[in-house]
Amino acid sequence: MEMRGISKRFPGVLANDRVDFDVRSGEVHALLGENGAGKSTLMKVLYGLYNPDEGEIFLEGKRIQIASPTKAIELGIGMIHQHFMLVPSLTVAENVALGLPSSRGLITDLDRVSKRILELAEIYGLRIDPEAFVWQLSVGQQQRVEIIKALYRGASLLILDEPTAVLTPQEVDELFVIMRQMVKDGHALIFISHKLHEVVEISQRVTVLRDGRKIGTRPTAETTRQDLANWMVGREVGFVPDRGLSTIGEGRLRLENVSSGSDRGTPGLREVNLEVCSREILGVAGVSGNGQRELAEVCTGLRKITGGRILLEGGEVSGLTPGELIDRMLSYIPEERMRDGMIKEFTISENMILREHHKKPFSSAGFLNLGNISRYTDKLVHEYQVKTPSLETPAKSLSGGNIQKVILARELSRKPRVIIAAQPTRGLDIGATEYVRARLIEERRNGTAILLISEDLDEILTLSDRIAVMFEGRIMDILPRALAVPEKLGLLMAGVQP
Ligand SMILES: Nc1ncnc2c1ncn2[C@@H]1O[C@H](COP(=O)(O)OP(=O)(O)OP(=O)(O)O)[C@@H](O)[C@H]1O
Ligand SMILES: [Mg+2]
């Protein structure tokens with residue numbers, strides 16, 4: 001497949017500027033670039049979701065028009081979006097069959113679909129039960145269903161837009177096994193990721209976009225991670241400042257014997273005890289699905305506790321609503337940013353002041369002070385380098401990473417007493433990741449208590465003063481950073497008390 005001179009314009013932005021890009025069968029071609037560089041846009045053009053303003057697309061040398069995803073699928077092009085499009089209340093087989101023309105009755109068709117799913121699963125080493133309901137599946141398994149769905153429809157070119165952002169390290173390994181098998185079978189794969197070690201591991205060629213323009217394409221074997229980083233950002237990339245020493249202050253957030261339920265059969269929390277102090281980052285490590293999500297939800301009032309109590313600065317807050325906790329200066333950087341982090345239809349300005357719009361200086365006597373609001377948001381947009389044509393742009397038209405920057409700017413700049421940060425750098429490019437980590441360290445220096453939940457063990461080790469390891473809803477142990485060697489953490493994460 002070859003794209004030539006593709007341009008795509010949105011109000012105020014040239015998202016793709018005469019981009020050339022091609023992919024061959026039997027290769028993984030990685031697409032790299034900072035947040036907002038135009039990667040997803042280029043891929044949406046290829047998948048028929050956007051109509052390009054300029055440019056041509058060729059498949060096996062023939063010029064083609066891709067007016068819709070239906071047309072793309074007909075041509076053998078599949079796309080795995082970062083936000084899955086499955087119906088939770090249907091089974092795997094039903095989801096795969098959805099939208100396919102049915103020759104006979106649905107029931108007989110489903111048998112055939114199940115059979116074919118098992119065949120595909122066998123070929124690509126994708127473990128999946130066609131009869132399972134999608135709501136029962138982990139994120140990694142749901143992604144496999146999306147891949148099967150695309151393969152079932154005969155995709156020979158597959159676009160994977162940040163597929164690893166939502167996966168645990170083990171799931172990433174499994175995905176790479178599947179990808180290698182597809183490449184061996186002659187499929188062409190386009191792979192987007194901000195994690196350079198993944199790009200180096202899985203791709204044969206890499207193309208870098210910057211500000212909508214293509215910077216170049218190279219064989220991956222001829223580059224290093226450092227090269228790629230510099231190439232992408234257009235300058236030398238530094239590293240996160242040292243955490244420095246910190247004398248831990250008074251307790252701010254305290255959980256005493258807290259238990260809770262959960263969604264899908266995974267354990268909730270079981271008698272969790274922990275305390276996050278002022279001037280401290282307490283990291284929570286664990287394999288995803290061991291209660292981390294529930295921990296964030298009970299701390300922010302999104303989930304009811306079934307036992308124990310929660311204290312914020314000494315006062316009990318167990319039954320409070322998320323709004324009441326926000327008013328007590330608890331900040332939350334949620335894992336599900338589109339669902340819990342912002343209002344998609346609202347503008348960037350509106351999203352930036354979501355927490356404080358009813359207070360001074362943003363409003364007085366029931367009237368919004370628009371001048372103060374735009375000065376404040378303008379400052380944050382610059383500080384966090386949010387790439388946007390204006391402050392009045394609706395949040396939904398930002399790129400994935402820039403949405404996260406808006407949430408971070410809002411939550412970190414309100415001078416919180418406690419921050420609950422779940423996967424704060426997921427989906428961010430290296431420059432933005434560096435910035436956010438530095439900001440969390442700065443918040444800690446200012447005295448804030450930070451609970452950092454992350455699946456990225458490097459991130460936990462870089463930032464935390466103490467590390468709590470979760471397994472099956474329990475805290476296995478809490479270690480000072482100096483004693484938290486990866487081997488020991490690994491055992492605890494597997495539920496083994498060394
Ligand atoms: N539907 C849309 N309406 C308006 N602007 C858009 C739309 N989609 C993307 N843009 C803009 O186009 C630019 C490129 O966005 P794109 O989503 O392609 O970036 P990206 O490289 O995928 O970034 P990320 O790594 O953050 O996902 C951004 O400035 C974005 O705000
Ligand atoms: Mg994107």
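**Exercise 1. The surroundings of strand S8**

In which sense do strand S3 (residues 28-32) and S8 pair, and over how many bridges? Determine also how S8 is connected to S7 and how its residues are covered.

*Solution.* The structure under study is a predicted model.

Step 1. Strand S3 and S8 are paired in the parallel sense, with four bridges between them. Within this pairing, Ala30 has Phe191 of S8 as its bridge partner.

Step 2. Strand S7 (residues 157-161) also runs parallel to S8, and five bridges join the two. Here Leu157 is found opposite Ala188 in S8.

Step 3. The connection from S7 to S8 is then examined. Together with helix H6 (residues 169-184), the strands S7 and S8 form a right-handed β-α-β unit.

Step 4. Burial is assessed by counting C-beta atoms: a residue is buried if 20 or more others lie within 10 Å of its own. For S8 (residues 188-192), five of its five residues are buried, and the strand is mostly covered. Ala188, Ile190 and Ile192 point one way from S8, whereas Leu189 and Phe191 point the other way. The residues on both sides are buried.

**Exercise 2. Two domains and a ligand**

Describe the domain division of the chain and locate ligand 1 with respect to the domains.

*Solution.*

Step 1. The domain assignment divides the chain into domain 1 (2-233) and domain 2 (251-493). Taken over C-alpha atoms, the centres of domain 1 and domain 2 are 30 Å apart.

Step 2. To the contact, domain 1 contributes 19 residues and domain 2 contributes 21 residues. On the side of domain 1 that touches domain 2, seven residues are nonpolar, 10 are polar and two are charged.

Step 3. Ligand 1 is surrounded by 18 residues, the closest being Ser40, Thr41, Ser397, Ser399 and Gly401. Strand S2 (13-22), helix H1 (39-46) and helix H14 (400-412) are the elements that each give two or more residues to this shell. Sorted by class, the shell around ligand 1 holds five nonpolar, 11 polar and two charged residues.

Step 4. Both domain 1 (2-233) and domain 2 (251-493) supply residues to the shell; therefore ligand 1 lies between them.

Step 5. Helix H1 may now be considered for its own burial. Eight of its eight residues are buried, and H1 is mostly covered. Among the buried residues of H1 are Ser40 and Thr41, which also belong to the closest residues around ligand 1. Just after H1, Gly48 adopts a positive phi of about 80°.

**Exercise 3. Positive phi outside glycine**

Which backbone angle is unusual for a non-glycine residue at Arg18 and Glu271, and where do these residues lie?

*Solution.*

Step 1. The reference case is that most residues other than glycine have a negative phi.

Step 2. Arg18 is not a glycine, yet its phi is positive, at about 45°. Arg18 is located in strand S2. Arg18 counts as partly exposed because it has 14 C-beta neighbours inside 10 Å.

Step 3. Glu271, likewise not a glycine, has a positive phi of about 45°. Glu271 is placed in the loop between strand S11 (251-259) and strand S12 (272-277). With 14 other C-beta atoms within 10 Å, Glu271 is partly exposed.

**Exercise 4. The sheet that contains S11 and S12**

Give the strand order of the open sheet of four strands and identify its edge strands.

*Solution.*

Step 1. The order of the open sheet is S12-S11-S14-S15, and the pairing is antiparallel.

Step 2. S12 and strand S15 (315-316) are the edge strands, since each pairs on one side only.

Step 3. Inside the sheet, S11 and strand S14 (residues 307-312) run antiparallel and are joined by five bridges. Leu255 has Ile310 in S14 as its bridge partner.

**Exercise 5. Val233**

Characterise the position and contacts of Val233.

*Solution.*

Step 1. Val233 belongs to helix H8 (residues 225-233), and domain 1 (2-233) has this residue number as its upper bound.

Step 2. Val233 has 17 C-beta neighbours inside 10 Å and so counts as partly exposed.

Step 3. Although Val233 and Arg210 are 23 residues apart along the chain, their C-alpha atoms are separated by 7.6 Å.

Step 4. When neighbours within four places in sequence are left aside, Val233 is in contact with Glu34 and Gly431.

Notes
Residues are numbered from 1 along each chain as its sequence is written. Chains are lettered from A and ligands numbered from 1 in the order in which they are written. This is a predicted model: local features need pLDDT of at least 70, side-chain atom pairs count only at pLDDT 80 or more; totals for chains, interfaces and linings use all residues. Domain bounds come from an automatic or database domain assignment. Two residues are in contact if their C-beta atoms, placed from the backbone, lie within 7 Å. Ala, Val, Leu, Ile, Met, Phe, Trp, Tyr, Cys and Pro count as nonpolar, Asp, Glu, Lys and Arg as charged, and the others, Gly among them, as polar. A residue is near a molecule or strand if its C-beta atom, placed from the backbone, lies within 6 Å of it. A residue is buried if 20 or more other C-beta atoms lie within 10 Å of its own, exposed if 12 or fewer, and partly exposed in between; C-beta atoms are placed from the backbone. Two strands pair if DSSP finds at least two bridges between them. A crossover is right-handed if, with the strands pointing away from the viewer, the path from the first strand over the helix to the second runs clockwise.
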